[in-house]
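Here is a short briefing on aromatic packing and the nonpolar core. Please look over the structure first.

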Amino acid sequence: MVIVTNRIRVKKGMGAGMAPGFTAPGPLDTMEGFVKMEVLLTQNLTDHDELSVNMYWENLDNFTAWRNSDAFKAAHKRPEPSSDSAKKESPIIGSELTTYEVASVKEIAR
């Protein structure tokens, strides 16, 4: 299993409102190898908010297929320059993508 984390820095006060958009129903739900997604909001930052969007995949090839898919491109498409949406300033300051291989897991049996 692999975890792909997108750490997204956004303007202060915007993170909590953006988080549900990442977990809303969409084409990602039907992608082969997709396991789950969780969105974490970093605490105690003063200058900006930070979301860590963790996507769990069966393997890296499944994630790569998502990144290369038309559905991914549509989900990340920027608005047309002439649209009202394009005139609004983006809340995103920057982002960083990191990929992890799950090397060890411990779970408590219940």
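The notes below cover ring pairs, a charge over a ring, the core, and one loop residue.

This is a predicted model. A search of the whole structure finds three aromatic pairs. Ring pairs join Phe34, Trp57 and Phe63 into a cluster. Trp57 is also one of the best-connected members of the largest nonpolar core, alongside Leu28, Met55 and Trp66, the four that touch the most other members.

**Aromatic cluster**

- Phe34 and Trp57 form an edge-to-face pair. Their centres are 5.3 Å apart, and the planes meet at 65°.
- This pair links distant parts of the chain. Phe34 belongs to strand β2 (residues 34–41), and Trp57 belongs to strand β3 (residues 48–57). The two residues are 23 residues apart.
- Phe34 has 19% relative accessibility, so it counts as buried. The cut-off for buried is under 20%.
- Trp57 has 0% relative accessibility and therefore also counts as buried.
- Trp57 makes a further edge-to-face pair with Phe63. Here the centre-to-centre distance is 5.9 Å, with 65° between the planes.
- Phe63 is buried, as is Trp57.

**Charge over a ring**

- Lys36 places its charged end over the ring of Tyr56. The distance to the ring centre is 4.7 Å.

**Nonpolar core**

- The largest nonpolar core has 17 residues. Leu28, Met55, Trp57 and Trp66 touch the most other members.
- Five elements are listed as giving two or more residues to this core: β1 (2–11), α1 (15–23), β2, β3 and α2 (60–67).
- Which residues does Trp66 contact, leaving aside its neighbours within four places in sequence? They are Pro27, Leu28, Met31, Met55, Trp57, Ala71 and Phe72.
- Three of these contacts, Leu28, Met55 and Trp57, are named with Trp66 among the core residues that touch the most other members.

**The loop residue Pro27**

- Where is Pro27 placed? Pro27 lies in the loop between α1 and β2.
- Is Pro27 buried, exposed or partly exposed? Its relative accessible area is 43%, so Pro27 is partly exposed.
- Pro27 touches Trp66 and Ala71, not counting residues up to four places away in sequence.
- Pro27 and Ala71 are 44 residues apart along the chain. Their C-alpha atoms are separated by 6.3 Å.
- Trp66 is in contact with both Pro27 and Ala71, and Pro27 in turn touches Ala71.

Definitions and conventions: Residues numbered from 1 in each chain as written. Predicted model: local features only at pLDDT ≥ 70, side-chain atom pairs only at ≥ 80, totals over all residues. Heavy atoms only, no water. Phe/Tyr/Trp six-rings, centres within 6.5 Å; stacked < 30°, edge-to-face > 60°. Helix = DSSP H or I, 4+ residues; strand = E, 2+ residues; numbered from the N terminus. Buried < 20%, exposed > 50% of the residue type's maximum accessible area, 1.4 Å probe, protein only. Lys NZ or Arg CZ within 6 Å of the ring centre and 35° of its normal. Core = buried A, V, L, I, M, F, W, Y, C linked by side-chain atoms within 4.5 Å. Contact = heavy atoms within 4.5 Å.
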